[in-house]
Amino acid sequence: MPEPDPSTAQPTEPAQPARPARPERFTAPIGTRDVLSPESERRRALVQRFADAAELAGYRHLATPMFEDLGVFTRVGASTDVVTKEMYEFTDKGGRAMALRPELTASVCRAFTEHRPAVLPWKVWYSGPQFRYEKPQKGRYRQFDQVGLETLGSEDPDLDTEAIALAWRFFRGLGLRRLRLLVNSLGEAAERAAYVDALAAYLSNHLGDLSEQAATTLQRNPLRVLDSKRSEDQPIIAGAPQLSSFLGLASVTHFERVLAGLDALGIEAEVSPKLVRGLDYYRRTTFEFATEALDSSQNALGGGGRYDGLVEALGGPPTAGVGFAIGVDRTLLACDAEGVFDAPTTALDCFVVDTTGSLYGFEIAEALRRAGVATDRSWAGELTEAGLGRPRSMKAQMKAADRSGAQVAVLIGPDELEAGAATLRPLRGGPDRSETPQRQVPLDQLVAAVLAELGR
Ligand code: AMP
């Protein structure tokens, strides 16, 4: 038998028993976040505020799917980055080209086309997550929430005013003060086309002075060059032709009516000729809410405007539309920066401490919950051999009661169980509370006693 070649011989050490592989740990995907309490309650409260404001003005809730046929978005946003570059597209198991929604206006128009509501204008509000494959940073995420509304089927400029006023009051109602409302008119399609030609010609004449990004944007959508934040582009943008000088009489009248409406409602708007929106379908009024409390790269809290042709592009009849979307994440960041709209208090009212291991404490907790008292209780630390929960010590349960933030504890031990009663112990002893020390209460009076203790 030949000698083993020492250079290829395997080490002869005894093999270590293989360690079980640790399961891979996952975190939320890049650009997404888990929202935990109390921030999650704050978000819900914000959406509720918006819902209340919209419903007070006759908008009804519309819930659409989070994904649609890819065409719904590509038909309406062929010239926007949101659709061309940032969309989460996928093929489903049936081979259909789909996309996670990057915004909701297209879905609303698709729903309008599908259901053809009999009563016009159709006023709807919505809320929910949107998906864009963006470069994440503070205030810019790949999944983010929006609230918004749309009105379909009316050209009335007062609907533009109503939408703007509603958003304005919503922001102000949250406590935001460092807010600017920018408005502009994009005119009709033909007026805008004439302007875009003039703008493209002007920008092309200054191509050498534009930033590389702006020069690229110019090829795709000259209007978007006006959005450039780069300093080298600013002098050229400042000298560019103005859209307002291309507007026809009807566009001017429409815009003046909107401005007069905002003035009548006491809402201060700044006319901003540079405010253009990328979608080809935008016309006439366009607006944006900008905060001065955040960096300029995330200062847009919401925006919208009038659009035409979206419903038609999706196979519906010619239909006018106006609406806006507000970014929930950014609005909350602005609230943080201004120190307003705190998270609602989520503390419990009552905590049930039960050392008997019976079902008595559970029944009491349920009775309190039925009476609207926010109640939690302690749970077994371990199981007995028979498989039942072994109650934790009084001390451990009281610690849990204190940590819960509850105002009052209901204590149950063998004495209470036998007497058909419970002991009520105030946990947050204000000056008046110290005079009501813990006391035993018969079961049939317990709920009333807890409510009284809570001052209800
Ligand atoms: P848009 O649909 O692009 O007009 O955006 C409307 C609002 O949604 C913006 O003003 C932002 O407040 C918010 N928003 C847009 N994109 C993002 C994003 N990637 N992350 C967080 N918020 C966003």
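A residue counts as buried when its relative accessible area is under 20%, and a salt bridge is a side-chain nitrogen of Lys or Arg within 4 Å of a carboxyl oxygen of Asp or Glu. With those two ideas in hand, let's walk through this predicted model.

## The chain as a whole

The chain contains 16 helices and 18 strands. Its C-alpha atoms fill a box of roughly 95 × 90 × 45 Å along the principal axes. The radius of gyration is 31 Å, whereas a compact globule of 456 residues would have one near 23 Å. Of those 456 residues, 46% count as buried.

The domain assignment gives domain 1 (39-188 + 248-338), domain 2 (195-243) and domain 3 (350-453). Notice that domain 1 is written as two segments. The C-alpha centres of domain 1 and domain 3 are 49 Å apart.

Contacts also tell us about the fold. Among those with a separation of 6 or more, 69% join residues 24 or more positions apart.

## A buried arginine without a salt bridge

Now zoom in on R101, which sits in the loop between β4 (97-100) and α4 (105-115). What is the nearest side chain of opposite charge to R101, and how far away is it? It is D145, at 6.7 Å. A salt bridge has to fall within 4 Å, so this distance does not qualify. R101 is therefore buried yet has no salt bridge.

The side chain of R101 does have a polar atom 2.9 Å from the backbone oxygen of P129. Leaving aside neighbours within four places in sequence, R101 also touches a run of other residues, including T64, P65, M66, F67, F73 and S107. S127, G128, Q130 and F131 are among its contacts too, along with P129 itself.

## Salt bridges elsewhere

The structure holds 23 salt bridges. Here are three of them, with the distance between the N and O atoms.

| Positive residue | Negative residue | N to O distance |
|---|---|---|
| R110 | E114 | 2.8 Å |
| R224 | D227 | 2.2 Å |
| R439 | E453 | 3.6 Å |

R110 and E114 both belong to helix α4, four residues apart, which is about one turn of the helix. Are these two partners buried or exposed? R110 is buried, with a relative accessible area of 16%, while E114 is exposed at 52%.

In the second pair, R224 is partly exposed at 34% relative accessible area, and D227 is also partly exposed at 24%.

The third pair, R439 and E453, meets in a salt bridge. This pair links distant parts of the chain, 14 residues apart: R439 is in strand β18 (residues 439-442) and E453 is in helix α16 (residues 443-453). R439 counts as partly exposed at 33% relative accessibility, but E453 is buried at 9%. Some salt bridges share partners, and in this way E155, E188, R283, R284 and D308 are joined into one network.

## A mostly covered helix

Our last stop is helix α12 (residues 328-338). How many of its eleven residues are buried? Nine are, and the helix is mostly covered. The buried ones include charged residues such as D329, R330 and E338, as well as V328, L332 and L333.

Several elements help to cover the buried residues of α12. Among them are the helices α1 (39-56) and α5 (157-174), together with the strands β6 (143-152), β9 (282-291), β10 (300-308) and β11 (320-327). Just after α12, G339 takes a positive phi of about 65 degrees.

Key:
Residues numbered from 1 in each chain as written. Predicted model: local features only at pLDDT ≥ 70, side-chain atom pairs only at ≥ 80, totals over all residues. Heavy atoms only, no water. Helix = DSSP H or I, 4+ residues; strand = E, 2+ residues; numbered from the N terminus. Buried < 20%, exposed > 50% of the residue type's maximum accessible area, 1.4 Å probe, protein only. Polar contact = N/O pair within 3.5 Å; in protein donor to acceptor, adjacent residues only side chain to side chain. Contact = heavy atoms within 4.5 Å. Domains from an automatic or database assignment. Rg over C-alpha atoms; globule rule 2.2 N^0.38 Å.
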